[in-house]
Each structure stands twice: as C-alpha cells, then as structure tokens.
Amino acid sequence: MILILIVTVGYLYFERLYGKDGTAARQPGEQLLASHSIAVLPFANMSADQKNIYFSDGVSEELLDALANVPGLQVASRTSSFYFRDYNEGAVEIGRKLGVATLLEGSVRKDGNNVRITAQLIDTSSGYHLWSKTYDAELEDIFALQDDNARQVVRAITPMLLDESMVMAGPTTSNSRAYNEYLVGRALLREPLSDRVLDEARKRFELAIELDESYSEAYAGLCDALLASYQHRHRPQAFVEAQQVCNKALTRPGKDISGWDVQIALGVLHREAGEYDISIDWLLLAQDYQPELVRTYIELGRTYSAAGDIEQARSYLERALALDRSHWSSYLALANFYTQVEKYASAVGVYDQLLAILPDSVSALIGKGSALYMLGDNEGAETLWLQAKEKAKGRNSGSLGEIHTNLGLLYYYRGDYELAVVMHELAARTLGNDHRVWGRIAESYRAAGNPELE
C-alpha cells in the first residue's frame with residue numbers, strides 16, 4: 001500500500017510539473033514572457049555629430065510604437081527600456097530585469113542626407129542574435145524615413161515573436177497620417193500621466209479622427225485620454241466628453257463596432273459611472289478578442305475591486321503583473337489594490353518594485369507614502385509626499401491635489417492645524433469640485449482657533 005501511494009503521488013507530481021505529455025508545464029504568464037515579449041533599447045547614435053541623438057531616439061520610439069500596436073505582443077514601456085541607455089549590462093541581464101524574452105537594439109549613422117540604420121533582435125535567454133538587418137536610405141522626410149523603417153522591421157520580426165495564429169490584421173484605417181497620430185497618442189498614454197501628456201494625447205487622437213472619421217481605434221484612444229483626465233484632474237466635464245466620444249465610437253459611419261481598444265474604453269467608462277456589470281461585460285468581450293492583453297486584466301481587476309469582489313480583483317491584477325513585469329501600470333494597479341484592501345506591507349513591496357524601474361514616479365511615491373502612513377510611519381510618509389510634491393510641480397496638477405490633501409490630513413492629526421489649513425487650501429486649487437476638500441478646510445480652521453472662517 002505504501003509503494004502504491006508513493007507511485008501514485010509521484011505520478012501526480014510528475015503530471016503537475018511536466019504535463020500529461022511529459023513536456024514542462026507552464027505557469028501563468030510564463031509562455032507569454034517566453035516567446036511573446038520584447039523591449040526596444042535606445043538605438044546608439046553612431047553619427048559624428050552627437051547632437052543627432054534626437055534622430056536615433058526617434059528611430060527607437062517609432063519602432064516601440066509600431067511594436068506596441070501588434071496584437072498579442074507585450075512591449076516594455078519606453079520609460080523602462082530607455083533606463084538602460086547608459087548601462088553596460090548584457091542582453092540576458094536586461095531581459096531578466098525587464099521580464100522580456102527578446103530585445104531589439106541597433107545603431108543609427110547619419111552623414112549628411114545618407115542614413116544607415118542597423119537593427120538586431122536578441123534572445124534574452126541565451127544572448128544570441130535571432131535576426132539582423134541594415135537599412136540604407138536618403139534623408140528627405142525624417143518622419144517618413146522613421147515610419148518606413150519601423151514598418152519594415154516590424155514586418156520582418158513579428159513572425160519570430162508570435163505564433164502564426166496570433167498575427168492579426170493591422171490598423172482599421174488606410175490613412176497613414178491618422179495611423180501615425182494614433183500611435184503617438186497611444187505612446188503618450190503609456191507614459192506616467194501628467195497635464196502635458198494628457199493634453200498632447202488628446203490632440204493626437206482628435207487629429208486622427210479628423211483625418212479618418214471612421215477610425216475606431218482613434219475614438220477609443222480619445223475616450224481613454226478623456227477618462228484619464230477625469231481620473232487624474234477630477235474634471236467632471238472630461239467624463240461627459242468621454243461619454244460623447246464613446247457613443248460616437250458606437251455610431252461612427254462606415255464600420256460596426258470591433259476591436260479590443262473600443263471595448264476596453266467602454267468598460268472603463270461604465271466602471272467610472274458605477275455600472276460594474278456592464279463594465280465587466282465589455283472588458284470580458286475585449287478579453288475574448290485579445291486573450292493575453294495586459295491592460296484588459298488591469299481594468300478587470302480595477303472593476304472587480306470597485307464592485308467589491310476582492311478575490312477576482314486580486315486574481316486579475318496579479319495575472320496582469322505576471323504577464324508584463326516591465327510596465328509601470330501593472331505594478332501601480334496591484335499596489336493600489338493592496339492599499340485598498342489594507343495589505344499595506346504588501347503594497348509597500350510592490351511600490352518599491354515600481355520605483356526600482358521608474359524612480360521618478362509621482363504615483364508610486366504618493367502610494368507608498370499612504371501605505372507607510374497607515375503602517376504608522378508618519379515621518380516616512382511625509383518624506384515621500386514632499387518628494388512627490390517637488391516632482392509634480394508645474395506638470396501634474398491632479399497629483400498635487402492628492403499630495404496636498406494627504407499632507408493636510410497628516411498635519412491635522414499631528415496637531416499642526418495652521419499648516420493643515422495651508423495644505424487643504426492648496427488642495428482646493430485643483431480639487432475644488434470635491435466637497436470633501438471644503439469640509440477639511442473648515443475643520444482645520446476650527447481646530448486652529450478660527451471658527452469665524454469655518
């Protein structure tokens with residue numbers, strides 16, 4: 001009986017570890033990271049004039065934007081991959097830190113109107129080159145050259161990065177200018193949000209729609225930009241505008257609704273309106289359309305969290321991070337969730353991982369400060385919030401409102417009522433539509449001994 005038990009347990013362990021066919025079983029997210037992920041490193045400027053680095057960076061960014069719009073492919077964010085510009089680390093180590101299976105690197109040499117671009121695809125598990133190509137061209141239109149180069153490279157390497165069944169149709173517009181504006185808008189929204197980023201992204205999507213009024217992805221991008229502005233700046237009008245744009249996406253001329261980006265935009269819109277069941281329906285539809293898209297998991301996690309389904313929320317957010325360990329939004333969503341469910345130590349750990357790849361993240365500094373505050377580390381929280389305040393000045397009005405509110409509450413409960421008044425009044429400059437701000441100001445005035453101002 002003991003022998004039978006040992007054999008049975010051994011068989012079950014082998015089956016769980018290797019699968020029924022004897023091949024190694026994959027953990028969630030492992031297959032995607034093993035074959036469907038890439039980072040674009042900043043291309044080296046080999047020109048005699050070092051000022052031409054803007055051109056080599058432009059080539060890298062065009063490639064990143066083009067790859068980021070290949071369905072089924074996970075692409076490390078610009079902020080993460082460009083961090084390694086001045087680091088002499090090998091491909092294997094960079095791949096491990098970014099959590100990607102391949103790297104695209106290269107160089108640009110510009111001599112007058114002659115340009116040579118060399119690109120190389122590297123396997124991060126071995127450090128070996130999978131593909132290499134040199135492109136020679138004459139520089140007449142800088143943007144056209146960068147765009148043409150990106151299209152050629154993406155066309156060449158996509159079959160190496162994705163299974164044949166995953167290679168899907170390209171953009172739903174034939175207008176190259178509209179497509180380019182859309183790519184720029186999406187690239188902006190992948191960066192940490194600021195006032196400039198939101199304004200510029202909105203302009204890009206609006207221009208894409210002007211160029212092609214039936215371009216579904218452009219409507220979805222504009223809806224996303226407006227919703228981000230609503231969340232970031234606490235502007236109710238932005239939500240109204242987002243509703244109007246999403247409705248246009250449903251009724252635009254020429255095409256039926258399709259595409260994961262439209263469905264995600266509608267899912268986020270309904271979540272912000274408190275319509276969680278409708279939101280989940282749209283997001284699950286997007287997931288069916290593109291099963292391994294990280295953003296879908298993030299938004300489903302946020303929606304289930306808002307609806308109070310903590311276990312589902314945790315599952316989706318942890319899955320999102322497993323799928324893409326290089327993008328800041330995966331870390332931020334999970335860390336914010338841990339803070340919400342009062343797992344503050346876990347939240348601090350994830351915020352630290354985010355700050356390791358994005359040291360200037362205002363959102364991570366605010367979030368980690370909040371977690372430390374709830375853990376009783378008032379000094380640590382104040383230090384982080386003051387750091388975030390310095391980094392947010394002049395570029396991040398929505399975050400400044402949150403920072404001033406947090407500092408105001410900290411000073412109030414510490415007994416520094418006059419300082420609390422100052423912070424809450426600063427918060428009112430950007431969060432004036434929030435009734436809670438005025439209540440905090442009144443309470444701080446009362447505690448400071450100015451009841452007539454209360």
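Helices and strands are here DSSP runs, of at least four residues for a helix and at least two for a strand, numbered from the N terminus. By that count the protein chain of this predicted model has 21 helices and six strands. Of its 454 residues, 51% are buried. Contacts that link distant parts of the sequence are common: taking contacts between residues at least 6 apart in sequence, 58% join residues at least 24 apart.

The interior can be described through its nonpolar cores. The largest nonpolar core has 86 residues, and L354 and I403 are the ones with the most contacts inside it. Helix α9, residues 216–233, gives the most to this core, with nine residues. Apart from this core lies another, of 25 residues, which includes I38, L63, V75 and I117. As for the surroundings of I403, residues up to four places away in sequence are set aside; I403 then touches V362, I366, W385, A388, K389 and A392.

Two of those partners, V362 and I366, are also among the buried residues of helix α17. This helix runs over residues 362–374, and its 13 residues reach 19 Å from the first C-alpha to the last, close to the 18 Å expected at 1.5 Å a residue. Helix α17 is mostly covered, with ten of its 13 residues buried. Besides V362 and I366, the buried set holds A364, L365, G367, K368, G369, S370, A371 and L372. After the helix comes G376, whose phi is positive, near 95°.

Helix α13, residues 294–307, can be read in the same way. Its 14 residues should span 20 Å at 1.5 Å a residue, and the end C-alpha atoms are 20 Å apart, so the expected and modelled lengths agree. Because ten of the 14 residues are buried, α13 is largely enclosed by the rest of the structure. The buried residues are V294, T296, Y297, I298, E299, L300, G301, T303, Y304 and S305. What covers them includes the strand β3 (74–75) and the helices α11 (260–272), α12 (276–289), α14 (310–323) and α15 (328–340). α13 is followed by G308, whose phi is positive, near 90°.

T296 gives a residue-level view of α13, the helix in which it lies. Buried means under 20% relative accessible area. T296 has a relative accessibility of 0%, and therefore counts as buried. Leaving out residues up to four places away in sequence, T296 touches I264, L283, A286 and Q287.

The last feature is a pocket. The second largest pocket has a volume of about 340 Å³. Its lining is made of 20 residues, and those nearest its centre are P42, F43, A44, F84 and R85. Several elements each supply at least two residues of this lining: β2 (44–45), α5 (91–98), β4 (102–111) and β5 (114–123). The largest share, three residues, comes from β4. By residue class, the lining divides into eleven nonpolar, six polar and three charged residues.

Technical notes. Residues are numbered from 1 along each chain as its sequence is written. This is a predicted model: local features need pLDDT of at least 70, side-chain atom pairs count only at pLDDT 80 or more; totals for chains, interfaces and linings use all residues. Side-chain values use heavy atoms; hydrogens and water are left out. The expected span of a helix is 1.5 Å times one less than its number of residues. Buried means under 20% relative accessible area, exposed over 50%, partly exposed in between (1.4 Å probe, protein chains only). Contact means heavy atoms within 4.5 Å. On a 1 Å grid over the protein atoms alone, a cavity is a set of points where a 1.4 Å probe fits but cannot get out, and a pocket is an open set with protein on both sides within 12 Å along at least five of seven lines; lining residues have an atom within 4 Å of a point. Grid points are joined across faces, edges and corners, and a volume is the space filled by probe spheres set on the points. Ala, Val, Leu, Ile, Met, Phe, Trp, Tyr, Cys and Pro count as nonpolar, Asp, Glu, Lys and Arg as charged, and the others, Gly among them, as polar. A nonpolar core is a set of buried Ala, Val, Leu, Ile, Met, Phe, Trp, Tyr and Cys residues joined through side-chain atoms within 4.5 Å.
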